[in-house]
Amino acid sequence: MAQHVQGVVAPGKNQPVRVETIVIPDPGPGEAVVKIQACGVCHTDLHYKQGGINDDFPFLLGHEAAGVVESVGDGVTDVAPGDFVILNWRAVCGQCRACLRGRPWYCFNTHNATQKMTLLDGTELSPALGIGAFAEKTLVAAGQCTKVDPEVSPAVAGLLGCGVMAGIGAAINTGQVGRGDSVAVIGCGGVGDAAVMGARLAGAAKIIAVDIDDRKLETAKKMGATHTVNSRSTEPVEAIRALTDGNGADVVIEAVGRPETYKQAFYARDLAGTVVLVGVPTPDMELELPLADVFGRGGSLKSSWYGDCLPSRDFPMLVDLHQQGRIDLGAFVTETVGLGDVERAFERMHDGDVLRSVVVF
């Protein structure tokens, strides 16, 4: 039988979110119902609320989540009721051209639950990134559930479902940061700080954090940055070059998603270096670069989708590293809040007061 739970809905563009009763259907073939224990408040949810993703309102927000599988539909074998899981928004298909070439982290046919969650009046909801986890329970494709060590805190584990994985993956997967490399990270919010952590994990010798907010730069130092640059008062390209013997960084990770910061990343890298774009631009943004510079500087210009992660491989590994004390994922959790506090959490995030607010159930 369908269940009624409480969830946070964005009813229309730039309208305040509200807590509504959500109808969760029983899981169909290939689906699972997950009881949510924690869900991070991510900037992507704010994009949904503002209409920056699409206009398929109303949205059931929340996607950076961990919880326990309550029930599964026919044909589900990888997870079972009682499993503690992190939810991911790229359930790989195993059959597309990327998967068949052994590159499932690029899966071109990711999927979500087939059935729709609704409001009490039958209005269909669009779950954020196919998850919709600002709710006591949610319906997802079973492939969106990744089992991890149940001893880890749900508030910590859930962050791997999006922002922290995107940042760490931008460094270790997309940027392929190696031992002794120099790395610059432009934009030190949650994703940028995770990239700093990833660069440190990979053994980078020099990690330069760039932001316009000294508070964020102090946090980046705690995550592993060896140097900081306030780009409001210092020209960042010159500063990065000065810190790398005049050459530029081996890898520059752009975690803002704006043309001006991307250009900074492009010119702040060493010859034959790598630029990784993990910040998400809006559809109206355009980039202009001299083609002679693109050719002459060589190297790689990469975009990082979800940190080019494979959830079944990367989530358990990072949870294990956290449990061993080798990385501190808990450092990303600034505060825990209730379901009714999401609107305020958006305000605090916009003001730069938090790294992550996490809704706990």
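Me: Which exposed residues does the face of helix 6 turned away from its buried side carry?

Reply: In this predicted model, the buried residues of helix 6 (residues 214-223) are Leu217, Ala220 and Met223. Seen down the helix axis, these buried residues fall within an arc of 110°, so they line one face of helix 6. The face turned away from that buried side carries the exposed residues Asp214 and Lys222.

Me: What covers the buried residues of helix 6?

Reply: The residues to be covered are Leu217, Ala220 and Met223, and they line one face of helix 6. What covers them includes helix 5, strand 12 and strand 13.

Me: Which strands stand at the edges of the open sheet of six strands?

Reply: The order of this open sheet is 13-12-11-14-15-16, with parallel pairing, and the twist averages 15° from one strand to the next. An edge strand has a single partner strand, so one side of each is left without a neighbour in the sheet, and the two edge strands are strand 13 (227-230) and strand 16 (300-303).

Me: What is the bridge partner of valine 251 in strand 15?

Reply: Strand 14 (residues 249-254) and strand 15 (residues 269-277) run parallel and are joined by five bridges. In strand 15, the residue that partners valine 251 is threonine 274.

Me: What angle does the direction of helix 5 make with that of strand 11?

Reply: Helix 5 (residues 190-202) packs on the six-stranded sheet, where it touches strand 11 (182-186), strand 12 (206-211) and strand 14. The direction of helix 5, set against that of strand 11, makes an angle of about 170°.

Me: Are helix 4 and helix 10 roughly parallel or roughly perpendicular to each other?

Reply: Helix 4 (residues 163-174) and helix 10 (residues 311-323) pack with their axes 12 Å apart and at an angle of about 105°. Angles of 65 to 115 degrees count as roughly perpendicular. The two helices, helix 4 and helix 10, are therefore roughly perpendicular.

Me: How do the residues of the contact of helix 4 with helix 10 divide into nonpolar, polar and charged?

Reply: Helix 4 brings Met165, Ile168, Ile172 and Asn173 to the contact, while helix 10 brings Arg313, Asp314, Phe315, Met317 and Leu318. These residues divide into six nonpolar, one polar and two charged.

Me: Is asparagine 173 buried or exposed?

Reply: Asparagine 173 has its place in helix 4, and, not counting residues up to four places away in sequence, it touches Met165, Ile168, Gly307, Asp308, Cys309, Arg313 and Asp314. Buried means a relative accessible area under 20%. The value for asparagine 173 is 19%, and asparagine 173 is therefore buried.

Me: Which residue stands opposite alanine 10 in strand 4?

Reply: Five strands form an open sheet of mixed pairing in the order 7-2-1-4-8, whose edge strands are strand 7 (118-119) and strand 8 (126-127). Within this sheet, strand 1 (residues 3-10) and strand 4 (residues 59-60) run antiparallel and are joined by two bridges. The residue of strand 4 that stands opposite alanine 10 is phenylalanine 59.

Me: How many of the eight residues of helix 1 are buried?

Reply: The buried residues of helix 1 (residues 43-50) pack against strand 1, strand 3 (31-40), strand 4 and helix 11 (342-350). They are Thr44, Asp45, Leu46, His47, Tyr48 and Lys49. Helix 1 is thus mostly covered, and the number of its eight residues that are buried is six.

Key
Residues numbered from 1 in each chain as written. Predicted model: local features only at pLDDT ≥ 70, side-chain atom pairs only at ≥ 80, totals over all residues. Heavy atoms only, no water. Axes fitted to C-alpha atoms, helices over the stretch in contact; angles between N-to-C directions. Helix = DSSP H or I, 4+ residues; strand = E, 2+ residues; numbered from the N terminus. Parallel < 35°, antiparallel > 145°, perpendicular 65-115°, else oblique. Contact = heavy atoms within 4.5 Å. Nonpolar A, V, L, I, M, F, W, Y, C, P; charged D, E, K, R; others polar. Pairing = 2+ DSSP bridges. Buried < 20%, exposed > 50% of the residue type's maximum accessible area, 1.4 Å probe, protein only. Arc of directions from axis to C-beta.
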